[in-house]
Amino acid sequence: MQALVSMIRITDILDKAQEYLSEEHLEMIEKAYIFSATVHQGQSRLSGEPYLIHPLEVTGMLVDMKLDIASIITGMLHDTVEDTLTTIEEIEEAFGKEVAFLVEGLTKISKIKFSSQLEQQAENFRKMMLAMSDDIRILLVRLADRMHNMRTLEYQPENKQKYISRETLEVYAPLASRLGINWMKVELEDLSFKYLFTEDYFDLIDRVAKKKEERDAYAEEVKRIIRENLEAFHLQAEVEGRAKHFYSIFNKMNEQHINFDEVYDLTAFRIILEANEVKGCYEALSVVHALWKPVPGRFKDYIAMPKANNYRSLHTTVIGPYGERVEIQIRTREMHEWAEEGIAAHWRYKEGKVSPDGGEDHIKRLRELFELQQEHKDAREFMHSLKMALFPDEVYIFTPRGDVKAFPKGATPIDFAYSIHTDVGNQCVGAKVNRNIVPLKYKLQNGDTVDIITQPGHHPSKDWLKYAVTSRAISKIKQWIKTEERDKSIAIGRDVLEREFKKVHLKLNQAARTDEFKEILAEQSLATADDLLALIGYGKISAKYIVNRIMPEEEVKEEIPVEKQKKKTKKSADAGISITGVDDVMVRFARCCTPLPGDDVVGYITRGRGVSVHVATCPGVQEMDPERLVDVKWNIGQKQAFPVNIRVICIDKRGLLSELSNVISNLGINISSANIDTIRGENATCDFELDVSDLDQFNTLVSALRKLKSVQTIERLRGSLPGGKRKAYM
């Protein structure tokens, strides 16, 4: 077993805490430590260290952030209810209602059984979001908890490492970003990167290390020049040069399809003005722009228009010494504290209550964001909506009155309309941007002034889901479509059931009054007859089954409804897919995402074409009616070939296609089609349609291709190769 690193001690925590907490509070921390040590006694972590180390490390981070006493005690006790016999009542009796509330908000739903890992994940986050809407400190403790878990992730099995890292990268790191805690966001991203793309991570570390001496010398020269010029204009400031974190470099290489040697800004510079005056920032900006030429389109003013997490700073990119591009951030000391610590930098303990200094509006926006997610009942829809809501890039839009609204990058007039009011969104027929009529799919740009055109009686279109990006707009559009589709399904269900009852000389309104009909509603947990008709219309319950229950003496073949066949699973004859509760149904794989055995998949009941199987993360699934989604599983009896499309970006060279095809064929994988696009002197884009047996074989191929020196990036594509645009989702 690996030697354990030095561990934090309670004395270390108390030494730091005494800098800003009273003697009485220090005694409470000691009391919580003794309580936690007692109930966790005998428990160990996977690393072999005593379990108590975990709450100590979490508490240490909270003290470093100078959080209030309730948060610190909660950090010490956060796992006691979940992992020991301790109850919330015991916590309340020993430490008060406030701590008990925070601990309860952090306790996962571990005692409830869920049908899938996704459903459990969604419910855990839903519970956390509900608790956080009342007290944001719950999220601060949860982030510290996740941070220490990520720092010790090496002791988990590989499948858990990847699952936890993916969750961290998609949810926890963006949450840290929304709270403005930059140091935490950066470390969570880099740790996730390490376990999700291990080879790329260590390769990048080696490449960065080789350039370190050269980069450090350049950084010192740039800092000296900036410092001297600021002093000439009597501007007192600290000038920093910081290396960009690994995940941001990796992202830039992938997004811009460039190799490491083409990444020009491995080091970013900060000018932190000692005087907390905004005008000093603009004076420093003028000094920098007088010194070096600014790069057009690379200036951003986050002081005039702060980010959603209240981040404020000036960003500019200039052509610095030796023609190198240099990225510079300019901010005051106060702005810098917020940029690094976020909300945690502004907590104060006053009269027994915690309140953020100047952060009330930010907390209000966060609560609205969290509360909006609760509208989504389906687990997949909830998780997708949550991830979209945490999307960090933003554009700033003006209302006709001159007010500024922030939207995610890619937002359209539809998002703007729903931000005003649901009725404005539903009745939107067009928009004027900067006084010009634009289509509803127009992507809003920074500084646009938007005016919405409405028409009473107009309704949303399903196509709007392709253009809307905000959680609010997507939620409201789906809500309207779901209501409309439900009405249609009720009408279809009524027609089908009436025809079945007519065969046995019975009317629907007569059957609805029988005890048997009421029993069916109770068994299916349905409130009204319309709920049952809707399920029939969706194809989830057979009309013949209903008739057979009402008229048992008639010779009607019994069909068990989907909802009752939770344990019955039958394999589709042609696809290697098991569909819970559905017999003899046609199955087809969706061409929009081409699932492979090993992918998490979900089924969608189509109208007249059986069940369509999609990858669970397929964007198309998010637009589907959750009422018609069914659980499906892989059930491969014998080896089969499944199509998959990949794009390999390579350095163009002689014999490239031969080199790639040799790697593919050596793994026994068939190439169905290939398309190579090259531009002389630039990269080559190689698209392949391959036949693979499962996800494991595909991942083996990706690992083998990444070992080639000429290969820069590899993407798995959605859709088929011939014609049209394709999107990557790997």
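## Strand 6, its partners and the main core

I271 sits across from I330 of strand 6, and that makes a handy way into this predicted model. The pair belongs to a stretch where strand 2 (residues 267-273) and strand 6 run parallel, joined by six bridges. On strand 5 (residues 314-319), the match with strand 6 is antiparallel, again with six bridges. There, T316 has I328 as its bridge partner. Strands 5 and 6 make a hairpin with five residues between them, and Y322 in the turn shows a positive phi of about 65°. As for exposure, strand 6 (residues 325-332) is mostly covered, with seven of its eight residues buried.

Further along the chain numbering, there's an open four-stranded sheet with mixed pairing, ordered 16-18-17-19. Strand 16 (587-589) and strand 19 (629-630) each have a single partner strand, so they stand at the edges with one side lacking a neighbour in the sheet. Strand 17 (residues 601-605) and strand 18 (residues 611-615) are antiparallel and share five bridges; G603 faces V613 there.

Here are the strand pairs side by side:

| Pair | Sense | Bridges |
|---|---|---|
| Strand 2 and strand 6 | parallel | six |
| Strand 5 and strand 6 | antiparallel | six |
| Strand 17 and strand 18 | antiparallel | five |

Now for the packing. The largest nonpolar core counts 56 residues, and I29 and L188 have the most contacts inside it. Helix 9 (residues 137-151) is its top contributor, giving eight residues. Setting aside neighbours within four places in sequence, I29 touches I10, I13, L14, A17, L21, I69, I72 and M76.

Terms used
Residues numbered from 1 in each chain as written. Predicted model: local features only at pLDDT ≥ 70, side-chain atom pairs only at ≥ 80, totals over all residues. Heavy atoms only, no water. Pairing = 2+ DSSP bridges. Helix = DSSP H or I, 4+ residues; strand = E, 2+ residues; numbered from the N terminus. Core = buried A, V, L, I, M, F, W, Y, C linked by side-chain atoms within 4.5 Å. Buried < 20%, exposed > 50% of the residue type's maximum accessible area, 1.4 Å probe, protein only. Contact = heavy atoms within 4.5 Å.
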